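Colleague: Could you take me through one part of this model closely, choosing a single helix and the surroundings it packs into?

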Amino acid sequence: MSRLQVVSLDIGNIKESLANLLAPLLVDVDAPQGGPRHTPLLVTINHLEALGVKTAIVQDKVQDPDFLAEHEAYYSKWTYPVDRYCKRVHFFSVSVDARDCLSAVDELYEQSGSYLGFLTLRPIRLSPQGATILSSNSFPASNKFILAKDRFQVNLAGRDFYVTGTPFMQQDNAVGACAQASLWMGLRTLRKRLGHSAYSPAQITNAATRFLVRGRTLPNRDGLVIEQITEALRSSGYAPHLIPLKPEGEVNVTEEDIRRTKSKLYPYIESGIPVLLVLFSQNGGHAVLLVGHDWDEKSSNLWGISVPPWDNGESLKLVDAASWINHFYINNDNTGPYVSLSNFGHDDYSLEQAAFAIPFLRKDILIDADEAVSTCVGILNNCISDKLIPELPELVFRV
């Protein structure tokens, strides 16, 4: 095939059209049908359908920097050759008339805002989905907000396109498991904003295992422990802050526990700070990246912020803005980008399984969310007369 190929998708059956497009690009040709290998691809296809995709451009012989680093660290040492190049598929929300590639790119370039992002396919069988950045613009209309994101520039045939979203990658446990994938997503999201390095998964593994090694480094089948995750973040220029979300060994998580967890996590997400969540279930540990939340306008499950009372016993009535959240949204290397995290669920990943949270905090941020909340409550309390408090309605408190 040529380096670029324009594909007009069947608008009447987008899912099947996308599956048929991606199948020949995989190492062993079979259409995505589900299972651990294909689940992220299927979720990506569903998201592209929601975005209104109409045209795809397949780019061959892509030198993806993350896979090149993986190849150098691991696959180049195999006894049989593994291709160094990836394939990348770019997506657009408009149709094109031109059939030659360069004219089609020029035509798409003139359609401002039509670029939906890209998907990288690695030349490996078990975890084909590499670096992927898709627009999150389908969410606000349905009260779902992806907040840990950035605007990325993509060059295609000499034209610059832009996509706003959160990077995603399926884990390749030859060089890194779920923790490395989640770290990569968070670091890549903040790379331009904070000017720090965005390591490849292989480099993240090396940084995480610099001082503490448990088992083989490469292949890294067993993933990382908490201490290694925080060391990888520290080595990347961040100040790792470990937030316990439930007592060790606690099994019975209540609605009140879920409310407390939402209150702890909400300020970071509202600030556009990605949060790595460490989950523990009957199947073992897992790491995901928290990137957004939904918003229930009619929520009746409201809870307050604790406010110290005045001498006369009166106190401000503050409602936590996190009360309007039903679910958080995560990038889960096992299941795909922008997926909902249930509050409870024994058969799937859920918020009740969250044991620790690690926000990607800059080194110059010297307080955490709990301290910010208590400080703001104190300032607000000092600014309002106790005589005025009985006249005030409940106020919504949002950090």
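Modeller: What follows looks at helix α9 and then turns to the cavity lined in part by one of its neighbours. The model is a predicted one, and helix α9 covers residues 369-383. At 1.5 Å a residue, its 15 residues should span 21 Å, and because the C-alpha atoms at its two ends are 21 Å apart, the expected and modelled spans agree. Buried along this helix are Ala369, Ala372, Val373, Val377 and Asn381. Viewed down the axis of α9, these buried residues fall within an arc of 160 degrees, so they line one face of the helix. That pattern can be set beside a general rule: an α-helix has 3.6 residues a turn, so residues three or four places apart point the same way. On the other side of α9, Asn382 and Cys383 are exposed.

The buried residues of α9 pack against the helix α8 and against three strands, β12 (304-305), β13 (318-320) and β17 (395-397). Of these partners, α8 (residues 255-270) leads on to the largest cavity, since with three residues this helix gives the most to its lining. A search of the whole structure finds two cavities of 30 Å³ or more, and the largest has a volume of about 50 Å³. Ten residues line that largest cavity, and the closest to its centre are Leu245, Lys246, Val253, Asp257 and Thr261. Taken by class, its lining is made up of five nonpolar residues, one polar residue and four charged residues.

Terms used:
Residues numbered from 1 in each chain as written. Predicted model: local features only at pLDDT ≥ 70, side-chain atom pairs only at ≥ 80, totals over all residues. Heavy atoms only, no water. 1 Å grid on protein atoms, 1.4 Å probe; cavity = no way out; pocket = protein on both sides within 12 Å on 5 of 7 lines; lining within 4 Å. Points joined across faces, edges and corners; volume = space filled by probe spheres on them. Helix = DSSP H or I, 4+ residues; strand = E, 2+ residues; numbered from the N terminus. Nonpolar A, V, L, I, M, F, W, Y, C, P; charged D, E, K, R; others polar. Expected span 1.5 Å × (residues − 1). Buried < 20%, exposed > 50% of the residue type's maximum accessible area, 1.4 Å probe, protein only. Arc of directions from axis to C-beta. Contact = heavy atoms within 4.5 Å.
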